[in-house]
There are 2 protein chains.
Amino acid sequence: MTTGARRRMGVEERREQLIAVALDLFSHRSPEDVSIDEIAEAAGISRPLVYHYFPGKQQLYEAALRRAAEELTTRFVEPHEGPLGARLLRVMERFFDFVDEHGPGFSALMRGGPAVGSAGRTGAMIDDVRQAAYEQILAHLDVPRPAARLELVVRSWISLAETTALLWLDGRGVPRAEAVLRAERVPRAELERQLVHDFVALAAVSAAYDEEMAAVVRRMLADEPEDGMFADLVGRLMALPPVRA
Amino acid sequence: MTTGARRRMGVEERREQLIAVALDLFSHRSPEDVSIDEIAEAAGISRPLVYHYFPGKQQLYEAALRRAAEELTTRFVEPHEGPLGARLLRVMERFFDFVDEHGPGFSALMRGGPAVGSAGRTGAMIDDVRQAAYEQILAHLDVPRPAARLELVVRSWISLAETTALLWLDGRGVPRAEAVLRAERVPRAELERQLVHDFVALAAVSAAYDEEMAAVVRRMLADEPEDGMFADLVGRLMALPPVRA
């Protein structure tokens, strides 16, 4: 029985190793450019042995994707302590770390490239990550049952964060087919701060239409220190030129 | 020769009719739920005759999609007259008209459902529509060669508008698998105005980091009337509670 348990462990370990190797390869090049031969070579095993653990590239891709999704979801977890703006900024830093580490794979996946065979299953995994981000934000806002307007703000901001990350990867926000000019990138740290500001700005716009949203925004701002993220934004918005020319 | 020309016209007319019928069916139900038999019946012709004009459902779907993309792109065109906020609001109204008319098809397409066979070609069509929206906005802002920050703001706002429309279609922003409660929808007119406000808010956030963006925002606001869309937003943001508790 001990031997049997050890043997099962060996299988799991090998699967884990293959997933880690595949995730690394799929992260750095578009999935269609990664072959089973390469995965086998990187893992130091034969091609037939890879097929012993995974029926095909699609299954290995999905397993690697599941691993990446779990990892990203973990990075959303942030202690419920201190100002909200600073918490969201730390999550944005970890999100951009992830995007940076898995750049080409993240880009290919989010754009539904041809390598993503089963749009249904991979799409569901992406939706699960979005849902996790959504639930984390609601938990930090302490709103367990959000009204439609708050749900709209949070979910649409999540898509804004995704697009911002993809455009950052592209270099200048140019379509992916064109040259990537990394030198012209907007600095990552600026985008992380900007996304935190975007969140409160979008919430503030929505609050203009709805008393419940206004109460959420007031609560968000109430806990902020004078030198915090949100104070900074409100100060900057207040400094906008007056509308009358 | 006259007869030949007339015959070619007939072929084109029939193709046009099939595209129109297919677009109508694909707009109201998810594409995988629409059969060639239904398309044939709605067009009043036999199933084999449909195959005479289009090799299969995928080709007909793509032709319908191309028609829809052209139609949506046309709706982005707005005269370069009057305040920018009012121009953008009129485009948002036409965008929501389109989304309303093609709801289920728009939703299935943008979520890359399993019916979308060739992710590459349909994805490219979607990107073309986004690019057209992007170029229209730059033309109205009179910035032919945008810096990276402006490009980021415009492109990420376009994705925000897409997500907002999809969530509006879902009813309450609930995941698509759950029940659609149209009664709890945020009113369309509110979302159209909100998206215009979102645009200027996101531009204002970016302007906090960059003098060139600040100049763009100042120009946007300079042309606005006292009772215009942007004045309304700035007034509402100014009315936010002070940050100090």
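## A tour from the tryptophan outward

Start at Trp157(B). Beyond four places in sequence, this residue touches Leu160(A) in the other chain. Its contacts within chain B are Leu88(B), Met92(B), Ile137(B), Leu195(B), Asp198(B), Phe199(B) and Leu202(B). Bear in mind that this is a predicted model.

Now bring up the largest nonpolar core. It has 160 residues. Trp157(A) and Trp157(B) are the residues with the most contacts inside it. In soluble globular proteins, nonpolar side chains tend to be buried together.

**Helix 5 of chain B**

Select residues 84-101 of chain B. This is helix 5, with 18 residues. From first C-alpha to last it reaches 26 Å, close to the 26 Å expected at 1.5 Å a residue. Colour its buried residues: Leu84(B), Gly85(B), Arg87(B), Leu88(B), Leu89(B), Val91(B), Met92(B), Phe95(B), Phe96(B), Phe98(B) and Val99(B). Two of the names should be familiar: Leu88(B) and Met92(B) touch Trp157(B). An α-helix has 3.6 residues a turn, so residues three or four places apart point the same way.

**Helix 9 of chain B**

Next, select residues 188-207 of chain B. How far apart are the end C-alpha atoms of helix 9? They are 29 Å apart. The 20 residues should span 28 Å at 1.5 Å a residue, so the two values agree. Helix 9 of chain B is mostly covered, with 17 of its 20 residues buried.

**Across to chain A**

Move to Gln194(A), in helix 9 (residues 188-207) of chain A. Is Gln194(A) buried or exposed? It is buried: its relative accessible area is 8%, and the cut-off for buried is under 20%. Show what surrounds it. Leaving aside neighbours within four places in sequence, Gln194(A) is in contact with Val205(B), Ser206(B) and Tyr209(B).

Then pick Ser159(A), in helix 8 of chain A. Ser159(A) is also buried, with a relative accessible area of 10%. Which residues does Ser159(A) contact, leaving aside its neighbours within four places in sequence? They are Ser159(B), Leu160(B) and Thr163(B).

**Chain A as a whole**

Zoom out and show chain A as a cartoon. You will see 11 helices and 0 strands. Read along the sequence, the pattern is α-α-α-α-α-α-α-α-α-α-α. Chain A has 245 residues, and buried residues make up 51% of them. Among contacts in chain A with a separation of 6 or more, 65% join residues 24 or more positions apart. Switch on the surface. The accessible surface of chain A is about 11,400 Å², and carbon and sulfur atoms account for 54% of that.

For one such long-range pair, select Thr73(A) and Ala132(A). They are 59 residues apart along the chain, yet their C-alpha atoms are separated by 6.5 Å. Thr73(A) lies in helix 4 (residues 57-75) of chain A. Thr73(A) is partly exposed, with a relative accessible area of 27%. Leaving aside neighbours within four places in sequence, Thr73(A) is in contact with Val129(A) and Ala132(A).

**An annotated stretch**

Select residues 35-54 of chain A. UniProt lists them as "DNA-binding region", in an unreviewed entry. In the model, this stretch is 75% helix and 0% strand. Its end C-alpha atoms are 13 Å apart.

**A loop to check in both chains**

Find the loop between helix 7 (119-141) and helix 8 (148-170) of chain A. Asp142(A) sits there. Asp142(A) has a positive phi of about 60° although it is not a glycine. Most residues other than glycine have a negative phi. Asp142(A) is exposed, with a relative accessible area of 61%.

Now jump to Asp142(B), in the loop between helix 7 (119-141) and helix 8 (148-170) of chain B. Its phi is positive too, at about 60°. Asp142(B) is exposed, with a relative accessible area of 62%.

**Last stop: confidence**

Colour chain A by pLDDT. The mean is 82, and 82% of the residues reach 70 or more. Over residues 1-8 of chain A the pLDDT is below 50, and this stretch has 0 contacts beyond near neighbours in sequence. Residues 113-118 of chain A also stay under 50. For these residues, the model has 11 contacts beyond four places in sequence. Where pLDDT is low, the predicted coordinates should not be read in detail.

Note on methods
Residues are numbered from 1 along each chain as its sequence is written. Chains are lettered from A and ligands numbered from 1 in the order in which they are written. This is a predicted model: local features need pLDDT of at least 70, side-chain atom pairs count only at pLDDT 80 or more; totals for chains, interfaces and linings use all residues. Side-chain values use heavy atoms; hydrogens and water are left out. A nonpolar core is a set of buried Ala, Val, Leu, Ile, Met, Phe, Trp, Tyr and Cys residues joined through side-chain atoms within 4.5 Å. Buried means under 20% relative accessible area, exposed over 50%, partly exposed in between (1.4 Å probe, protein chains only). Contact means heavy atoms within 4.5 Å. Helices (H or I, at least four residues) and strands (E, at least two) are DSSP runs, numbered from the N terminus. The expected span of a helix is 1.5 Å times one less than its number of residues. Accessible areas come from the Shrake-Rupley method with a 1.4 Å probe; for residues, only the protein chains shown count as cover. UniProt positions are given in the numbering used here, feature names are shortened, and annotations may be inferred rather than shown by experiment. pLDDT is the predictor's confidence in each residue, from 0 to 100.
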